[in-house]
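Thanks for making time this morning. I would like to walk through where the charged and nonpolar side chains sit, and I will begin once the picture is up.

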Amino acid sequence: MIRLLNNSFASSLKTAIKAFEAAVEAGDKAKAEEAYKFAVKKVDQACTKNVIKANTASRKKSSLSKK
């Protein structure tokens with residue numbers, strides 16, 4: 001059961017990051033800002049649930065903010 005929940009969190013995290021990257025590629029600043037906030041929220045949730053480690057979460061958030 002735990003494995004399925006972890007996979008669900010990881011999948012939603014990847015989807016949120018892909019949505020942000022797509023908005024950045026499209027050049028839609030308003031949509032990108034909204035997607036960024038959602039992606040960071042998902043990263044923080046995954047870190048809280050121990051799906052990803054704290055350093056990985058920090059690295060992902062830093063990568064997103066650079067874009």
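Before any residue is named, one cut-off is needed: a residue is called exposed when its relative accessible area is over 50%, buried when that area is under 20%, and partly exposed in between. Please also keep in mind that what you see is a predicted model.

Let me start with Lys 18, which is found in helix H1. Its relative accessible area is 58%, and because the cut-off for exposed is over 50%, Lys 18 counts as exposed. Lys 18 belongs to a positive patch on the surface, whose other members are Lys 14, Arg 59 and Lys 60. Which helices supply the residues of this positive patch? Helix H1, covering 2-26, and helix H3, covering 54-66, each contribute at least two of them.

The surface also carries a nonpolar patch, formed by Met 1, Ile 2, Leu 4 and Leu 5, and together these residues have about 480 Å² of accessible area. Met 1 is placed in the segment before H1, and with a relative accessibility of 75% it is classed as exposed. Leu 5, by contrast, is found in helix H1 and is partly exposed, at 45% relative accessibility. If you follow Leu 5 across the fold, you will see that its C-alpha lies 9.6 Å from the C-alpha of Lys 49, although the two are 44 residues apart in sequence.

Now to the salt bridges, of which the count comes to two. One of them joins Glu 21 to Lys 67, with the closest N and O atoms 2.7 Å apart. This pair links distant parts of the chain, since Glu 21 is in helix H1 while Lys 67 is in the segment after H3, 46 residues away. Glu 21 itself is partly exposed, at 30% relative accessibility.

The other salt bridge is between Lys 61 and Asp 44, where the closest N and O atoms are 2.8 Å apart. Here too distant parts of the chain are linked, with Lys 61 in helix H3 and Asp 44 in helix H2, 17 residues apart. Both partners are partly exposed: Lys 61 has a relative accessibility of 27%, and Asp 44 has one of 33%.

That brings me to Lys 42, a residue I would ask you to look at with some care, which lies in helix H2, residues 29-48. Is Lys 42 buried or exposed, and which side chain of opposite charge is nearest to it? Lys 42 is buried and yet has no salt bridge, and the nearest side chain of opposite charge is that of Asp 44, 12 Å away. What, then, is Lys 42 in contact with, once its neighbours within four places in sequence are left aside? The contacts are Ser 12, Leu 13 and Ala 16.

Of these contacts, Ser 12 lies in helix H1 and is partly exposed, with a relative accessible area of 23%. Ser 12 also gives us a way back to the start of the chain, as its C-alpha atom is separated by 17 Å from that of Met 1, eleven residues apart along the chain.

To close, I would leave two items on the board for discussion: the buried Lys 42 without a salt bridge, and the positive patch to which helices H1 and H3 each contribute at least two residues.

How values were computed: Residues numbered from 1 in each chain as written. Predicted model: local features only at pLDDT ≥ 70, side-chain atom pairs only at ≥ 80, totals over all residues. Heavy atoms only, no water. Patch = residues over 30% accessible without salt bridge, like charges linked within 9 Å, V, L, I, M, F, W, Y side chains within 5 Å. Areas by Shrake-Rupley, 256 points an atom, 1.4 Å probe, with all protein chains shown as cover. Salt bridge = Lys/Arg side-chain N within 4 Å of Asp/Glu carboxyl O. Lys, Arg positive; Asp, Glu negative; His and termini not counted. Charge placed at Lys NZ, Arg CZ, Asp CG, Glu CD. Helix = DSSP H or I, 4+ residues; strand = E, 2+ residues; numbered from the N terminus. Buried < 20%, exposed > 50% of the residue type's maximum accessible area, 1.4 Å probe, protein only. Contact = heavy atoms within 4.5 Å.
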